[in-house]
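Visitor: Hi, I'm new to this one. Can you walk me through it?

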Amino acid sequence: MGNRVKGRTKRKSVKAASHSGMGSKRKLSRMGKKQKAGNSGFEYTFIGRAKCLKMLQITLKDFRRLCILKGIYPREPRNTGGGGDKTSRHRKKSQILYHIKDIKAISHEPILYKFREFKAFMKKIRKASGRNEKEEAIRMEANAPSYTLHHLVKERYPRFSDALNDLDDALALIYLFASLPSAHKIKTKITRKAKELCAAWTAYCAYTSSITKSFISVKGIYIEAEIANLSLSGNSATDSVNHDTKTSVRWIIPHAFTQHLPNDVDYRVMITFFEFYEVLLGFVLYKLYNDLGVRYPLQISHYVERKSTSMLSAHLYTLSRNLRESLSKSQGAVSEAVSQALEDENMDTDEKKEKETKKKASSKKSKELMKTVDIALQKLKGQDSDSDDDSDDDSDDDEEGKVDISSSLKEAFNDTLLDSKDSQKDGNGLSGEGADSSMVPTIENLSEEATKRKCLFHNLVFFLSREVPRGYLELIILSYGGKVGWEGDDSPISMKDPSITHHIVDRPKLPSSLNSLKDKGGREFIQPQWILDCANFMFLLPIHKYAVAAELPPHLSPWVDNEEEGYTPAYAEEIEKLKNGEAYEVNEDGDDDDESVAEEDEEETVNKRTSTEENKEPNDTASESDDSDDENSEEEEEETEAQKEEKRKLKRKLEDEETHDLAKLMMSKKAKRLYGRMQHGLSEKQTKVEELQRRRKDIEEYKKRDKKGRTPNKQKVDRLKEERKAVLSDYDKGDNLGSMKKSKKNKKQKK
């Protein structure tokens with residue numbers, strides 16, 4: 001037994017753990033619960049793609065489609081460096097990882113079961129085709145399993161604002177598919193559906209004047225629209241429409257060129273994205289058209305579709321027609337109410353009296369019954385009743401409650417008739433032969449900004465030549481209140497229409513066929529950039545810079561903030577001056593007067609110098625010396641004042657630098673680093689601004705050429721040469737040594 005005492009517990013060894021003597025509860029509270037392997041850490045949080053395929057029992061193609069439709073993307077773990085678990089340290093960098101929760105969500109997706117059903121269905125089709133049972137295979141193909149993505153859109157975008165915020169990529173991809181040819185795996189129905197969606201979206205933006213910014217780049221045409229989210233806020237009993245929330249949506253429209261389809265692009269992935277974005281944009285358009293009071297999708301007749309040269313014109317025609325129908329229905333309901341009120345007012349007095357007597361008799365009977373009940377109750381309670389006073393009060397209330405509402409209804413009916421007449425006078429009706437996209441009816445419920453945009457091109461009529469891309473220009477012109485015509489059978493405006501104010505041509509020279517229209521006058525021939533610049537600056541710019549075959553001004557991006565960048569382009573400054581009313585004169589050639597005046601001044605100064613040097617006389621030297629003494633004294637006084645000001649500025653600068661250095665010394669190390677980064681960013685920004693200013697100066701100097709095509713530096717060199725020649729000619733006229741060249745030759749010969 002050794003040294004062990006009877007009745008005492010055995011002592012723990014020194015090597016035993018400190019918590020070995022604790023109870024289970026104390027040990028759990030102090031040490032925590034022991035985790036089993038595989039239930040926490042890197043392996044529990046993330047899972048590789050191969051394991052995902054094995055868990056879900058689907059192919060890689062179906063797994064990619066599921067991830068795209070559900071919005072699940074690979075994850076990058078945070079601790080991928082030296083720290084973390086062994087598995088995270090030793091994993092391959094090329095391994096694709098997904099979150100375990102995302103994969104569990106996919107495992108319960110109904111579309112996954114549809115994929116499995118389709119896989120089993122394809123096995124049956126293959127068996128039937130292998131047995132040469134073609135009729136059976138065709139019959140079975142009609143019963144193929146199908147699925148919808150509506151529940152996925154509702155799941156990913158529970159609110160309408162969420163869908164609008166994620167609409168940029170959807171519109172960019174749909175506009176891309178609309179411009180692609182039907183080849184390889186891109187079928188005709190996909191491109192046709194994309195064109196229909198683009199036309200529906202463009203028609204809505206043009207009708208509601210939603211386009212705010214546009215810019216032409218090498219990639220395509222960037223366009224931004226502000227979509228009003230007319231969502232209900234509050235309880236169901238007191239719902240109010242919220243007009244203030246607006247979402248900016250930006251997308252890109254490809255150029256109207258023949259698209260080349262590269263072979264290294266996986267078109268299956270693009271088609272899967274298009275499949276989801278098609279449903280998403282359908283939901284958004286349904287909500288937007290419903291806010292206008294129009295049912296979506298638009299039912300376009302075959303006649304309109306056959307007559308229209310583009311889907312946009314067909315959609316605009318159908319949209320305007322549906323809106324007019326809904327407006328006429330609302331006016332019909334108002335007119336019926338007004339006519340009913342007028343009929344009631346013009347009824348015979350006898351019928352009115354009969355009705356009133358019947359009402360009084362029935363009211364008397366009911367009052368007598370109430371009196372008997374009241375008397376019985378009063379007898380039971382032992383109280384008296386005063387029913388006569390109550391009846392008198394009721395009769396007074398009935399007389400006061402009668403209000404004549406026919407006058408207000410008449411006024412409303414007259415207002416609606418006037419509005420309808422005005423709309424007919426304005427030409428809102430559309431011709432039945434083609435889709436008149438220029439004559440879109442106005443909306444009364446537009447915001448203030450939208451109404452301003454609608455008034456920019458008001459009473460302006462544009463005609464597009466056949467070489468001009470029609471899609472985005474038609475959208476911008478219509479959204480800013482203009483009217484559009486083009487070369488086609490369905491155009492609402494012919495080329496020779498005298499109402500046309502602007503003819504858009506994109507050629508190096510005006511064709512001879514348009515010279516007759518130019519001679520008539522009343523029509524300006526411009527390039528397409530004028531429309532975008534006017535829309536971006538919300539101002540009708542001068543046309544001479546955008547004339548046909550003229551050198552265009554810089555096309556400035558509307559998304560660049562000049563104040564933040566610290567540099568304002570020269571053309572932007574010029575437009576601001578025009579907006580503020582600072583006008584400037586322009587020559588017939590289209591160049592500014594400043595350049596021509598500067599060139600004339602330079603020529604005059606050179607001529608004056610040569611003439612004065614030739615006509616100098618020795619008698620004028622005395623008078624010039626007296627005047628020069630007075631001028632020198634004045635200049636000395638001015639110089640002393642300027643020197644004093646410069647000294648003061650230098651002193652202030654030194655004091656500021658000294659205080660700056662002292663403040664920097666008092667900073668902590670962390671604050672110094674942050675301050676250094678800030679100064680580094682500011683210095684980089686300043687260098688960029690200086691580089692832009694240098695380029696601008698070089699371009700301005702390059703443009704300042706005289707009639708001979710000489711730059712300012714070349715003009716200076718030529719002027720100095722002329723002055724030297726004048727000095728040499730004066731020296732040759734002297735009697736002493738002849739010219740300077742001859743004197744140099746004589747000296748060399750003597751040596």
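Visitor: What is the handedness of the crossing of H4 and H7?
Guide: The crossing of H4 and H7 is right-handed. Keep in mind that this is a predicted model.

Visitor: Which residues make that contact?
Guide: On the H4 side, Asp62, Arg65, Leu66 and Leu69. On the H7 side, Ile111, Leu112 and Phe115.

Visitor: At what angle do H4 and H7 pack, and how far apart are their axes?
Guide: The angle is about 155°, and the axes are 11 Å apart. H4 covers residues 60–70, and H7 covers residues 110–130. An angle over 145 degrees counts as roughly antiparallel, so H4 and H7 are roughly antiparallel to each other.

Visitor: And H7 with H8, at what angle do they pack?
Guide: About 160°, with axes 8 Å apart. H8 is residues 134–141. H7 is therefore roughly antiparallel to H8.

Visitor: Left-handed or right-handed, when H7 passes H8?
Guide: That crossing is left-handed. From H7, Phe121, Lys124, Ile125 and Ala128 take part. They meet Ala137, Met140 and Glu141 of H8.

Visitor: Switching to cysteines. How many disulfides does the structure hold?
Guide: Zero. Take Cys67: the nearest cysteine sulfur belongs to Cys52 and is 7.5 Å away. A disulfide needs the two sulfurs within 2.5 Å, so Cys67 is in no disulfide.

Visitor: Is Cys67 buried or exposed?
Guide: Cys67 is buried, because its relative accessibility is 6% and the cut-off is under 20%. Cys198 also counts as buried, at 8%.

Visitor: Now His315. Which helix does it lie in?
Guide: His315 is in H15, which spans residues 311–345. His315 has 7% relative accessibility, so it counts as buried.

Visitor: What is His315 in contact with, leaving aside its neighbours within four places in sequence?
Guide: Glu196, Ala199, Ala200 and Ala203 are in contact with His315. So are Leu298 and Ile300.

Visitor: On to strands. Which side chains of S7 are buried?
Guide: Thr247, Val249, Trp251 and Ile253. They point to one face of S7, residues 246–253. Lys246, Ser248, Arg250 and Ile252 point to the other face and are not buried.

Visitor: Why do side chains alternate in a strand?
Guide: In a regular strand, side chains alternate between the two faces of the sheet.

Visitor: In which sense do S4 and S7 pair?
Guide: Antiparallel, over eight bridges. S4 is residues 221–228. One pairing to look at: Glu226 has Ser248 of S7 as its bridge partner.

Visitor: What is the order of the open sheet of four strands?
Guide: S9-S8-S10-S11, with parallel pairing. S9 (483–486) and S11 (524–526) stand at the edges. Each has a single partner strand, so one side of each has no neighbour in the sheet. From one strand to the next, the twist averages 25°.

Visitor: How many bridges join S8 to S9?
Guide: Four, and the two strands run parallel. S8 is residues 461–464. Phe462 has Val484 in S9 as its bridge partner.

Visitor: Which helix packs on that sheet?
Guide: H20, residues 471–479. H20 touches S8, S9 and S10 (502–504). The direction of H20 makes about 155° with that of S9.

Definitions and conventions. Residues numbered from 1 in each chain as written. Predicted model: local features only at pLDDT ≥ 70, side-chain atom pairs only at ≥ 80, totals over all residues. Heavy atoms only, no water. Buried < 20%, exposed > 50% of the residue type's maximum accessible area, 1.4 Å probe, protein only. Contact = heavy atoms within 4.5 Å. Pairing = 2+ DSSP bridges. Axes fitted to C-alpha atoms, helices over the stretch in contact; angles between N-to-C directions. Parallel < 35°, antiparallel > 145°, perpendicular 65-115°, else oblique. Left-handed = near helix turned anticlockwise from the far one by under 90°.
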